[in-house]
Amino acid sequence: MLGEDVLMARALRYSVDKHNLTIDSLKTIPGPLKTKLMDLSITICDDMKYNQLKYFRPFKHQFEFFKTGIHERRGILAANRIGKTVSTCYETAMHLTGLYPDWWEGFRFEGPITAMVAGEGWSQVALVLQNELLGTQDVKITENLGSGAIPRDYIITGTMRNDGANNIGCEIKHKSGGNSYLLFANYTQEVRQLQGFKLNLAVFDEQPPDDFFSEIVTRTATTQGKVLCSFTPLKGLNGLVSKFWNKEEGYNYIRVAWDDVPEYDPWGHPFLLKETRRQLERDYLPHEREARMAGKPVMGKGAVFQINNWPTYKTGEIDFTRLPNIHRVIALDLGLVNDKTVISLMYWEPYERTAYLHKQIIVQGIEEAVPTQYINHLLRPEVFGTPIVLPADANTSGRYTMSASSIRELFESYELNVYEKAIMNPPDSEGRTTNHKSYGINQMRQMLEVGSLMINENCTNFLSEAQNYYVDTQGRFSDPDDCIDSCRYAILACLNGIAEPWDNRSPQQRMAAQRDRYKKYDDSNKPAWKKNFSAN
């Protein structure tokens with residue numbers, strides 16, 4: 001609930017603006033007119049106390065957020081103290097009541113709705129969401145009820161279900177004559193308690209657990225409902241944040257930094273002054289600052305790739321057929337029916353020791369369950385003959401193939417250029433080879449940091465996985481990481497010297513050469529590791 005001094009200051013500003021005056025002009029206008037203006041301001045102040053929605057003045061960034069209403073999943077990734085929760089709560093109040101202002105350009109519901117707003121815990125829900133919507137942190141203090149975004153006259157107090165200081169749900173009058181229903185929830189509730197009802201609107205304040213989010217948005221499926229999210233991305237680029245950040249289909253967001261917010265609010269009162277910002281910056285931990293000040297996902301101590309500007313290139317920017325000394329290799333991370341297979345094509349410049357992840361093909365579902373289907377990708381003329389590396393379990397009979405053959409044997413039967421051994425880390429100083437995952441991940445990290453591993457912008461799934469890749473306190477890497485592992489195998493192949501030079505032949509020449517292999521076979525010029533696997 002706003003204090004009387006704030007309400008009166010806003011009411012005076014409202015009266016002055018309505019009559020095209022300025023605050024400074026109050027010093028010069030005649031006494032009787034000044035008295036009428038003050039009386040009007042007192043009347044407006046009384047109305048404003050329990051009718052905040054009528055007088056709501058948004059910031060520019062809040063206008064921009066409201067205008068994204070055509071999207072199903074909308075978010076504000078924002079710095080601290082910029083009014084992100086105010087944005088979602090006032091929009092929720094408009095949808096519940098049907099009281100859309102004249103300036104509204106966002107989505108409109110045609111009638112009463114059922115909305116759920118959720119936060120991190122019951123105390124947080126009461127302190128923030130309940131207070132912003134209903135005007136009180138404790139529903140037992142009825143004097144403040146209605147001083148939030150929802151006008152007092154629209155809250156049907158007889159329908160309120162409370163649990164101590166918290167409201168669980170209540171009905172809200174809609175201007176059409178019906179009633180909307182408002183529910184409060186928190187992320188610590190068991191998911192099974194959130195089943196069996198429908199929602200038109202779901203609102204999340206700060207990042208929810210993935211299972212909680214999935215269950216709630218399911219409640220909006222049959223109503224074609226909307227989802228609003230507001231959070232400072234302090235948990236890193238994972239879960240829901242990554243969906244917004246990478247703008248997955250159906251997700252749209254605005255990012256708001258301190259630089260996007262003025263020092264004074266739309267009423268002309270101090271909001272976030274420069275002195276305050278400087279002090280807060282000193283208070284924040286270094287790794288938190290980008291999230292708290294700019295709304296960028298934090299790179300915490302668990303993030304594997306702490307990279308702000310990823311080294312990427314566009315298709316067509318580099319003509320690999322004209323680069324001298326260019327090598328190439330194909331690597332596969334193999335999956336079963338419920339896990340995708342990823343095929344990576346990588347170019348390698350051995351003198352500069354620069355790798356280019358040029359393309360990744362993700363195979364899943366029916367095609368993935370039948371390897372002969374995705375082998376077609378490897379038989380394409382433009383890549384046929386490129387060395388192929390496989391993980392250790394590719395030698396296991398029956399695994400991935402649903403036959404007596406291993407996936408390696410199946411590949412060899414198609415005359416694919418398969419490396420004879422499982423891909424491993426390069427030998428250490430004592431000649432020992434291992435398959436420790438951390439070695440390859442660290443190689444990737446170092447190469448990305450110095451720009452010697454370039455990623456084609458079309459490899460969006462790799463970028464999404466890498467930006468969301470974490471390691472826990474026990475050293476376990478997060479899932480999914482299929483695209484990362486496929487790229488890691490390709491890098492190991494380059495470091496082990498398995499990649500082969502680009503031969504500058506056309507696809508037609510390469511296929512003709514392959515036909516010749518069946519007519520006349522000569523392995524005298526082949527490396528030893530290939531001779532055992534050539535056609536006879």
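This text goes through a predicted model, from the chain as a whole to its cores, its empty spaces and a few loop residues.

The chain has 536 residues, of which 51% are buried. Its secondary structure consists of 17 helices and 15 strands. Among contacts with a separation of 6 or more, 64% join residues that are 24 or more positions apart. The accessible surface is about 26,000 Å², and carbon and sulfur atoms account for 48% of that area.

The interior can be taken up through its nonpolar cores. In soluble globular proteins, nonpolar side chains tend to be buried together. Here the largest nonpolar core holds 44 residues, and the members that touch the most others are Leu134, Ile150, Leu182 and Phe184. The element that gives the most to this core is helix H4, residues 84-97, with five residues. Apart from this core lies another, of 36 residues, which includes Val304, Trp348, Met447 and Ala493.

Ile150 serves as an example of the packing in the largest core. When neighbours within four places in sequence are left aside, Ile150 is in contact with Ala93, Leu96 and Thr97, with Leu133 and Leu134, and with Ile155, Ile172 and Leu182. Two of the names in that list, Leu134 and Leu182, appear again with Ile150 among the residues that touch the most other members of the core.

Helix H14, residues 460-467, shows how an element can be covered by others. Six of its eight residues are buried, namely Phe462, Leu463, Ser464, Glu465, Ala466 and Gln467. The cover over these buried residues includes helices H7 (239-245), H13 (437-450) and H15 (482-495). Strands S9 (312-313), S12 (354-363) and S14 (453-456) are also part of that cover. The list of buried residues in H14 contains Glu465 and Gln467 as well as Phe462 and Leu463.

The next topic is empty space. Rolling a probe the size of a water molecule over the atoms shows where empty space is left. Two cavities of 30 Å³ or more are found in this model. The largest cavity has about 40 Å³ of space. Its lining is made up of Ile330, Leu378, Val383, Phe384, Gly385, Thr386, Ile388, Glu415, Leu416 and Asn417. By class, six of these lining residues are nonpolar, three are polar and one is charged.

The second largest cavity has a volume of about 30 Å³. The residues that line the second largest cavity are Phe63, Phe66, Lys67, Trp103, Trp104 and Glu105. Four of them are nonpolar and two are charged, with no polar residue in this lining.

The open spaces are represented by the largest pocket, which holds about 1,200 Å³. Of the 42 residues in its lining, Arg81, Gly83, Val86, Glu132 and Phe271 are the closest to the centre of the pocket. H4 and helix H5 (122-134) are the elements that give two or more residues to this lining. H5 gives the most, with five residues. The lining as a whole has 19 nonpolar, twelve polar and eleven charged residues. H4 therefore has a part in two of the features described, since H4 gives the most to the largest nonpolar core and also contributes to the lining of the largest pocket.Three loop residues complete the picture. Asn20 lies in the loop between helix H1 (4-18) and helix H2 (31-49). Asn20 has a positive phi of about 55°, although this residue is not a glycine. Is Asn20 buried or exposed? At 74% relative accessibility, Asn20 counts as exposed, because the cut-off for exposed is over 50%.

Lys247 is placed in the loop between H7 and strand S8 (251-256). Lys247 is not a glycine either, and its phi is positive, at about 50°. With a relative accessible area of 49%, Lys247 is partly exposed.

Gly497 lies in the loop between H15 and strand S15 (500-501). The relative accessible area of Gly497 is 57%, so this residue is exposed. Gly497 and His327 are 170 residues apart in sequence, while their C-alpha atoms are 9.6 Å apart in space.

Key:
Residues numbered from 1 in each chain as written. Predicted model: local features only at pLDDT ≥ 70, side-chain atom pairs only at ≥ 80, totals over all residues. Heavy atoms only, no water. Core = buried A, V, L, I, M, F, W, Y, C linked by side-chain atoms within 4.5 Å. Buried < 20%, exposed > 50% of the residue type's maximum accessible area, 1.4 Å probe, protein only. Helix = DSSP H or I, 4+ residues; strand = E, 2+ residues; numbered from the N terminus. Contact = heavy atoms within 4.5 Å. 1 Å grid on protein atoms, 1.4 Å probe; cavity = no way out; pocket = protein on both sides within 12 Å on 5 of 7 lines; lining within 4 Å. Points joined across faces, edges and corners; volume = space filled by probe spheres on them. Nonpolar A, V, L, I, M, F, W, Y, C, P; charged D, E, K, R; others polar. Areas by Shrake-Rupley, 256 points an atom, 1.4 Å probe, with all protein chains shown as cover.
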